[in-house]
Amino acid sequence: MRKVAILTDSNSGITQEEAKANGLYVLPTPVYIDDEVFYEGVDLTTETFFKRQAEGADIKTSMPVMGDVIDRWEELLKEYDEVVYIPLSSGLSGSYNAALMLADDYDGKVQVVNNQRISVTMKISVYEAKKMADAGKSAAEIREILERTRFESTIYIMVDTLEYLKKGGRITPAVAAIGSLLKIKPVLQIRGEKLDSFAKARTIKQGKQIMLDAIAKDMTEGWNDPEGEHTIIAMAHTQNQEEIEKFKEEAQQRWPNHDIMIDPLSLVVSGHIGPGALAITCTKKIEL
C-alpha cells in the first residue's frame, strides 16, 4: 500500500501539536503586523493577534511562502510515496494556483486539492483525507473525492462589529455607520469561494436562530440528511468562548446526537471580521 502524507496550512486551524499527534503536517501562514512578519501557530498566538488588532495595527495575511511549500514536499517525499496538499480555498487566496503550477514537476506524486474551504470546514477535510489515506486510497483518489464534495459544506458567521468589514473594504463606511447605529449584526456565509452576506439580525438571539435554521435547511435540501446522521456540525468563534458555549448548548438541543466541536476561527477570517464573532458549520461526511 502506498504511503500518502496529508499536508495543509494553518488556515485549517490545526495546530502544530495537533498535527503531530494525528500524523498530519501543517505549514504556518505568514501574518504581517505593521510590516513585521509572524507565523500563525509558531510565533503568533490568537491572543497576540487580537491584542494587536484592537490596538489598530495594520494587519495583512498572506499565503505560505512557495519555497517553504516545495521544501516540505521534498521532505515528505523522502518518507512517503505521495503527498496530498490541501491549501486555503482558491477563492480566498492565490495559494492553490501557485502550488498547482509547482506540482507539475512531481509526476503526480503531489496532488494539490482545490477544496474551496477554510478554517473549521477545511480542518474537517484534512481529517477526512487522512482517513482515506489510512484506508489505502491514492493521493489522486483523495483529491478527486475532496474536490467532488467541496460544496457539501457551509459556514455561517455572525459578526459582532462592522469595523473590520469596513476596514477591509467589504462594506462602505456609510453602510457601517448605519449598521452600527441600528445595531445590526450581519450573518455571513462561506460556501466555496467567497465570504458573502447572508442575512441581517438585530439581536444575538435572532442571529443564532437564523444560523441554526440555515444549517437545518442545508442538511435537508443540500444533501437530504434532515436528521444530520451523515453530517458533521462544528462551531467556531473569535475571542468569544463564553457565548459560543451557550450557542453550542442551543445547537445540541436541536441535534442531541451530535458531538459538536468548537475551534477558534483561523486568523485569515478573524482579520476580516474582528473579535466577538460566532460561527456554525455543517459538512456532509465522506462515506468510504
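Helices and strands are DSSP runs, numbered from the N terminus, with at least four residues for a helix and at least two for a strand. The model shown in these views is predicted.

**View 1. His-272 and Ser-270 are both placed in helix H11 (267-273).** His-272 lies in helix H11, and Ser-270 is found in that helix as well. His-272 has a relative accessibility of 27% and therefore counts as partly exposed. Ser-270, at 0% relative accessibility, counts as buried. The side chain of Ser-270 reaches the backbone oxygen of Ser-266 at 2.9 Å. Leaving out residues up to four places away in sequence, Ser-270 touches Phe-49, Phe-50, Gln-53, Thr-238 and Leu-265. The C-alpha atom of His-272 is separated by 19 Å from that of Lys-123, and the two residues are 149 residues apart along the chain.

**View 2. The largest pocket encloses about 370 Å³ of space.** Its lining is made up of 23 residues, and those closest to the pocket centre are Gly-13, Thr-15, Glu-40, Thr-46 and Pro-264. At least two lining residues come from each of helix H1 (16-21), helix H2 (46-54), strand E12 (261-264) and helix H11 (267-273). Helix H2 gives the most to this lining, with 3 residues.

**View 3. The structure holds 1 cavity of 30 Å³ or more.** About 50 Å³ of space lies in the largest cavity. Its lining consists of Gln-116, Arg-117, Ile-118, Thr-121, Arg-150, Ser-153, Thr-154, Ile-155, Ile-190, Arg-191 and Gly-192. Strand E8 (153-158) and strand E9 (185-191) each supply at least two of the lining residues. Strand E8 gives the most, with 3 residues.

**View 4. Ser-125 is a buried residue of helix H5 (residues 119-134).** The relative accessibility of Ser-125 is 1%; buried means under 20%, so Ser-125 counts as buried. Its side chain makes a polar contact with the side chain of Asn-115, at 2.5 Å. Asn-115 is also among the residues in contact with Ser-125 once neighbours within four places in sequence are left aside; the others are Ile-86, Arg-117 and Leu-146. Arg-117 appears in the lining of the largest cavity too.

**View 5. Helix H3 (residues 66-79) has its buried residues on one side.** This helix has 14 residues and reaches 21 Å from its first C-alpha to its last, close to the 20 Å expected at 1.5 Å a residue. Met-66, Val-69, Trp-73 and Leu-76 are the buried residues of H3. They cover an arc of only 85° around the axis, which puts them on the same side of H3. An α-helix has 3.6 residues a turn, so residues three or four places apart point the same way. The buried residues of H3 pack against strand E1 (4-9), strand E2 (25-27), strand E6 (82-86), helix H4 (95-103) and strand E7 (110-112).

**View 6. Helix H4 (95-103) is one of the elements that the buried residues of H3 pack against.** The buried residues in H4 include Ser-95, Tyr-96, Ala-98, Ala-99 and Ala-103. They cover an arc of only 165° around the axis, which puts them on the same side of H4. The buried residues of H4 pack against H3, E6, E7 and helix H6 (139-148).

**View 7. Asp-35 has a positive phi although it is not a glycine.** The phi of Asp-35 is about 70°. Asp-35 is placed in the loop between strand E3 (30-33) and strand E4 (36-39). With 72% relative accessibility, Asp-35 counts as exposed.

**View 8. Gln-239 has a positive phi although it is not a glycine.** For Gln-239 the phi is about 50°. The loop that holds Gln-239 runs between strand E11 (231-237) and helix H10 (241-254). Gln-239 has a relative accessibility of 41% and so counts as partly exposed.

Methods: Residues numbered from 1 in each chain as written. Predicted model: local features only at pLDDT ≥ 70, side-chain atom pairs only at ≥ 80, totals over all residues. Heavy atoms only, no water. Buried < 20%, exposed > 50% of the residue type's maximum accessible area, 1.4 Å probe, protein only. Polar contact = N/O pair within 3.5 Å; in protein donor to acceptor, adjacent residues only side chain to side chain. Contact = heavy atoms within 4.5 Å. Expected span 1.5 Å × (residues − 1). Arc of directions from axis to C-beta. 1 Å grid on protein atoms, 1.4 Å probe; cavity = no way out; pocket = protein on both sides within 12 Å on 5 of 7 lines; lining within 4 Å. Points joined across faces, edges and corners; volume = space filled by probe spheres on them.
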